[in-house]
Amino acid sequence: SAESLRYSTGTGGEGSEGEGAGLASSESGGSGFSLAAAALPERRRPGGGRPRYEVVRELGAEEVRWFYREDRKTWKPFIGYDSLRIELAYRALGAAGGPGEPREGEAVEPVCVRSGLYEVDVANAESYPVYWNQTEKIPVMRGQWFIDGTWQPLEEEESNLIEQEHLNRFRGQQLQESFDMEVSKPVDGKEAIHSLKLSRNHVDWHSVDEVYLYSDATTSKIARTVTQKLGFSKASSSGTRLHRGYVEEATLEDKPPQTSHIVFVVHGIGQKMDQGRIIKNTAMMRDTARKVEEKYFSNLATHVEFLPVEWRSKLTLDGDTVDSITPDKVRGLRDMLNSSAMDIMYYTSPLYRDELVKGLQQELNRLYTLFCSRNPEFEEKGGKVSIVSHSLGCVITYDIMTGWNPVRLYEQLLQKEEEELEDRWMSYEEQRLLEELYITKQRLREIEERLHGLKASTISKTPVLKFKVENFFCMGSPLAVFLALRGIRPGNSGSQDHILPRTICNRLLNIFHPTDPVAYRLEPLILKHYSNISPVQIHWYNTANPLPYEHMKPSFLNPTKEPTSVSDGDSVSTVPSPTTSPVMVRRHYGESITNIGKASILGAASIGKGLGGMLFSRFGRSSTTNPEAGKEGAEGDEKKTTTVGTPPLSHSSSGFLEPIVELEHRIDFELREGLVESRYWSAVTSHTAYWSSLDIALFLLTFMYKHDQEDPDKSNLEAV
């Protein structure tokens, strides 16, 4: 049959169009084809495309390609797996000239696309997200005719008209196009054998598969007339060549890898001001992670999926009370503060804190349940869950995981008061009344426990997540400040359990930019001497053969100032480059740049000015909670840094530590500063600069893929 044959260029050679050979074969039905041609390699389109049929017929489902368009940008093609399933659903609807109403009694099942994040409503030609709300629907389009070079689809209305005309005129005729030619040759001197007038354009067929689109605008006509008088053909001067059928064949094998790890991305403050921001930020992080996966993790058959957790917009809180008491002067600035800083005030309010916690907890559980219902094999195959939280979101997520509640802190204060009462001298009457009070409180506790046993209390019930958290990544996080103000102090053990038990979360990682004014370190809350140990520097995305993070040795942040050490002097002036992966000894994060924001990242120090200073100034003034980590404090202190209950630390001549007590795993990870980065500017922008960072995307995936890579092939991890 004709469909079993492949086109052979024969003696005419490739690209013999325009000399009559190809056209003659299609008209006579003979010279260009032979039975022997069936044994020749399949003809494919430029860029490794698919084989073409030789006889004009209706496009196969695999030749059509569906597209989607986000944010009014260019049309993007669905992968073959998605496109083929959309096309099959489209054909099942019985629509002839475009998406229309289904047949009577026929259900319209949405098609799940883009790794399961979106669904396509074929009848209405639109797509929408599954896991979050989006006001604007994403238009989808069926591509049949495509522009040469870009392979962008023609608008559907025009494409349908051209396709209908093409079938009416050429159905059953044989094709002659040479798809191996990367650049289409102009059809100089060839007259059109068929034309079609459209609203603003017209289409000329110079042969069965040499089709050009022309604009009928006045300027185009003038340009075409001038160029033709100079001896150029009509097609080459102003026409756009069109291709029928997409460059690649859609197959069910062209499908996304299976999701083995989901990441919930939790926003911080300010989402009332821009409710869609976390969706856009997560999309940036997802797209960035895809690039990293393609470069470093393409050998794995699974992938990590990022889902935005938008918890703020559903909350009522005080309604519009705060807005009603806001003065009208500089209203814009006040509204911005109400929409951002107010979230921190809400969270410290006993009236609204529970609403914030429950809002995030319910949304996390809703997303997880929905994902598992749509991916039943996820839990069966041991799928893992991590959380990436930003800013205040880190604190709320932490409180949900640990079940921390201000009531617990209040009970601790009462207990402390009772202990103080026991230590002082009391009269007989005071002692008798105090004993009565103790007995009454004990009785009250027993009654409460019995009541809780009969009916679970919704007030004191600890929020519970439906999943175990594998990794908890904090970005630009003030969590350390909140923990310090809750009374957490450094201990003698290097375990993460001191602030977050491993039974709740396997790994805690704190990521920050050096000048982020909201970010604080967590390690000094576990071991005090880590305030003088440099946070681990995150590798640049393009670093060649970086040292694995677990092999990086801790180093002094402010080594003792002894000019006799050559290595110390050299390290101060050395600016890290993308190829120097191990953390070099740095005194003050580069002395050539102003030290703005330094206090905010070295331990629990005051942010200084602005919003952070307003919120945490009490903490900044506290001498008990602030291990002096700044330049002045470090130089003014003793030469040796001591830990609670441990001997002084020693360090080698290279500046690397030889500590008595070390952390089991490093927690603080710092982004490297750009070589020409302005600290004044980055202090303003750094708090929101995490989402599109390739360095962070690689960092996240390195830890999430760690176990997957250790099992089949440990050597791959070394490269990462």
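Strand β10, covering residues 210-215, pairs with strand β11, residues 240-244, in the antiparallel sense, and 3 bridges join them in this predicted model. If you would like a spot to zoom in on, take Y212, whose bridge partner in β11 is R241.

Now step back to the sheet around this pair. It is an open sheet of 5 strands with antiparallel pairing, and its order reads β7-β11-β10-β9-β8. What happens at its edges? There you find β7 (145-147) and β8 (194-197), each with a single partner strand, so one side of each has no neighbour in the sheet. Going from strand to neighbouring strand, the average turn is 30°, direction ignored. Helix α3, residues 156-170, packs on this sheet and touches β7, β8, β9 (201-207) and β11. Relative to the direction of β8, that of the helix makes an angle of about 150°.

Let's turn to the nonpolar side chains. In soluble globular proteins, side chains of this kind tend to be buried together. Here the largest nonpolar core has 113 residues, and the members that touch the most others are F264, F472, F699 and L700. Which domains feed this core? At least three residues come from each of domain 1 (56-96 + 107-175 + 186-244) and domain 2 (258-403 + 465-549 + 665-710). There is also a second, separate core of 15 residues, with I162, L167, L175 and L213 among them.

F699 makes a good last stop. Setting aside neighbours within four places in sequence, F699 is in contact with F473, L509, I511, I538, Y549 and F669.

Conventions: Residues numbered from 1 in each chain as written. Predicted model: local features only at pLDDT ≥ 70, side-chain atom pairs only at ≥ 80, totals over all residues. Heavy atoms only, no water. Core = buried A, V, L, I, M, F, W, Y, C linked by side-chain atoms within 4.5 Å. Buried < 20%, exposed > 50% of the residue type's maximum accessible area, 1.4 Å probe, protein only. Domains from an automatic or database assignment. Contact = heavy atoms within 4.5 Å. Pairing = 2+ DSSP bridges. Helix = DSSP H or I, 4+ residues; strand = E, 2+ residues; numbered from the N terminus. Axes fitted to C-alpha atoms, helices over the stretch in contact; angles between N-to-C directions.
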